[in-house]
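Dear colleague,

I am passing on the structure we spoke about, placed just below, and my notes on it follow. Please read them with the structure open beside you.

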Amino acid sequence: MVKRDKITEFAVVLHDGTREIDRFETLINPERSIPEYISNMTGITNEMVADAPKFYEVARQIVELTEGAVFVAHNARFDYSFIREEFQRLGYTYSRKQLCTVRLAKKVFPEIGKYGLDALIRYFGIQVANRHRAMDDVKATVAVFEKIMACEDSAEGINDLVNLGIKESRLPHSISLERLHGLPEATGVYFFYDMFGQVIYVGKSINIRKRVMQHFAKITNKASKMQQRVHDISYVITGSELAALLLENYEIKLHQPDINRAQRRNAYPYALYCYHDSAGYCTLAIHKKNRIPHDQFEIVGEYPRIASAKGRLRSMVQDFGLCLNKTDRETGPGGCFRHKIGECFGACLGIESPGEYNERVREAISSIKKSVAGSRILIDQGRTPGEKALIAIEDGKYCGFGYIDETTNLRHLDEAFDHIQRYPETPESLKIIEHFISSNKLERVISFSG
């Protein structure tokens with residue numbers, strides 16, 4: 001969903017698994033003009049919602065009505081994101097267990113083949129008066145849900161989807177399913193403790209609840225260790241994924257959790273490196289670091305996944321007009337593909353001299369380092385609406401992160417330091433930042449000079 005999208009109509013049916021027990025519906029004044037394509041699809045116009053309540057006027061009623069209930073919807077993630085976003089604008093965290101009837105229908109009726117709401121309406125012969133109106137779509141979803149509930153295997157499928165496949169028998173004795181469902185669906189860092197209060201695992205996720213539940217749903221050696229040893233859980237919401245990555249890295253260095261140890265031994269296993277071929281051209285390639293003879297080759301960048309390294313190399317080739325034959329992305333005799341389409345100057349054919357070509361390669365390599373050079377503030381998503389996260393870099397060194405009101409105008413780097421908590425730089429800090437910048441995930445970057 002787009003963050004400016006707003007709800008124009010809300011409908012809910014309370015159901016006990018057998019029958020309907022309550023319902024509520026209302027138009028919502030979205031406090032903005034309804035796009036024409038939405039009006040065409042739903043039939044809801046600006047005139048219809050002009051006197052309707054605004055979302056904050058019915059928010060409490062929605063919370064009370066759905067308290068303790070499971071959020072059931074067709075494509076639940078999509079609908080749930082709209083509700084959560086509306087509540088987040090009010091500074092409230094709306095959190096409910098979720099059940100997607102698309103996924104559930106696939107489990108219970110594997111023979112159907114198509115699982116969109118229209119397809120299931122046709123398959124089950126459900127009567128719908130006004131498709132794409134809130135209550136009519138809810139009633140159609142209820143009808144689908146009741147068809148599913150009538151099947152013998154539905155209870156097990158519902159339990160698996162709501163609890164992400166977790167069996168209570170595999171949970172640590174002191175951790176309940178309710179405790180896991182109470183974790184936030186937010187970006188941050190989570191901590192697992194043993195019975196002595198020692199941190200045994202640190203992780204980061206853009207959805208803490210989902211990630212923690214996944215740990216206990218898996219059947220692996222690591223999951224088994226967690227099931228046996230975890231006694232307590234805590235978390236820190238960061239809002240910013242970059243801040244979460246940096247905090248996770250710091251906390252692992254601080255606590256040295258033994259379950260993390262094996263997986264963190266080589267967190268950046270892939271390297272983009274360069275060497276000179278027999279003709280003197282600087283050649284770029286990607287390989288696992290432990291297979292590169294470091295005394296012969298220059299490491300340009302280190303990456304957590306091979307896809308990240310390939311993406312960086314692809315950008316360098318495109319941005320600096322490099323030759324594909326002078327990388328490990330294309331080999332073979334003759335001119336490379338980019339030369340054939342006029343985007344390579346002919347290093348592959350010896351037309352461009354090694355000196356000229358290598359100068360451009362060095363510029364491309366320097367461009368990687370520039371993303372974290374100098375002094376700058378990286379602006380990312382905050383923990384609440386109206387807040388932004390700040391990640392500070394001074395003279396090419398990571399300093400820490402913090403938060404600021406989105407309306408605050410930072411004119412000097414020193415002003416940013418009033419809002420951040422300082423953290424020591426680790427060998428991975430700048431790698432994390434560089435990789436995040438290269439992925440174009442930040443909202444913006446403010447550079448300072450002098």
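Strands S3 and S4 pair in the parallel sense, over 4 bridges, and within that pairing Cys100 of S4 is the bridge partner of Ala73. The two faces of S3 are unlike in their surroundings, since Phe71 and Ala73 make up a covered face, while Val70 and Val72 make up an uncovered one. Please bear in mind throughout that this is a predicted model.

As for the chain as a whole, 18 helices and 15 strands are assigned, and the C-alpha trace spans about 75 × 60 × 50 Å along its principal axes. Of its 450 residues, 48% count as buried. The chain exposes about 23,600 Å², of which carbon and sulfur atoms supply 48%. Among contacts between residues at least 6 apart in sequence, 60% join residues at least 24 apart.

In soluble globular proteins, nonpolar side chains tend to be buried together. Here the largest nonpolar core has 39 residues, and Phe87 and Tyr94 are the ones that touch the most other members. At least two residues of this core are supplied by each of strand S1 (9-15), helix H3 (55-66), strand S3 (70-73), H4, S4, helix H5 (101-108), helix H6 (117-124) and helix H7 (134-149), with H3 giving the largest share, 6 residues. Leaving aside residues up to four places away in sequence, Phe87 touches Phe55, Ala59, Ile62, Val63, Tyr92 and Tyr94. Another core, of 25 residues, lies apart from this one and includes Val189, Leu242, Tyr268 and Phe401.

On the surface, Tyr56, Leu90 and Tyr92 form a nonpolar patch whose accessible area together is about 310 Å². Leu90 is found in the loop between helix H4 (76-89) and strand S4 (97-100), and it counts as partly exposed, at 43% relative accessibility.

Further along the chain, strands S8 (residues 270-276) and S9 run antiparallel and are joined by 7 bridges, with Tyr275 standing opposite Thr283 in S9. The two strands form a hairpin with 5 residues between them, and Gly280 in the turn has a positive phi of about 90 degrees. Because 5 of the 7 residues of S9 (residues 282-288) are buried, this strand is largely enclosed by the rest of the structure.

Turning to charged pairs, the count comes to 25 salt bridges. In one of them the side chains of Lys97 and Glu178 meet at 2.7 Å, N to O; Lys97 lies in strand S4 and Glu178 in helix H9 (residues 177-181), so the pair ties together parts that are 81 residues apart in sequence. Lys97 counts as partly exposed at 23% relative accessibility, whereas Glu178 is exposed, with a relative accessible area of 53%.

Strand S10 takes part in two further pairs that I would point out. The side chains of Glu298 and Arg362 meet in a salt bridge of 3.1 Å, N to O, and since Glu298 lies in S10 (residues 298-303) and Arg362 in helix H16 (residues 354-370), the pair ties together parts that are 64 residues apart in sequence. Glu302 forms a salt bridge with Lys431, the closest N and O atoms being 2.7 Å apart, and this pair links S10 to helix H18 (residues 429-438), the two residues lying 129 residues apart. Elsewhere, Asp118, Arg131 and Asp137 are joined into one network by salt bridges that share partners.

With best regards

Key: Residues are numbered from 1 along each chain as its sequence is written. This is a predicted model: local features need pLDDT of at least 70, side-chain atom pairs count only at pLDDT 80 or more; totals for chains, interfaces and linings use all residues. Side-chain values use heavy atoms; hydrogens and water are left out. Patches are made of residues with over 30% relative accessible area and no salt bridge: like charges are joined within 9 Å, nonpolar side chains (Val, Leu, Ile, Met, Phe, Trp, Tyr) within 5 Å. Accessible areas come from the Shrake-Rupley method with a 1.4 Å probe; for residues, only the protein chains shown count as cover. A salt bridge is a side-chain nitrogen of Lys or Arg within 4 Å of a carboxyl oxygen of Asp or Glu. Buried means under 20% relative accessible area, exposed over 50%, partly exposed in between (1.4 Å probe, protein chains only). A nonpolar core is a set of buried Ala, Val, Leu, Ile, Met, Phe, Trp, Tyr and Cys residues joined through side-chain atoms within 4.5 Å. Contact means heavy atoms within 4.5 Å. Two strands pair if DSSP finds at least two bridges between them.
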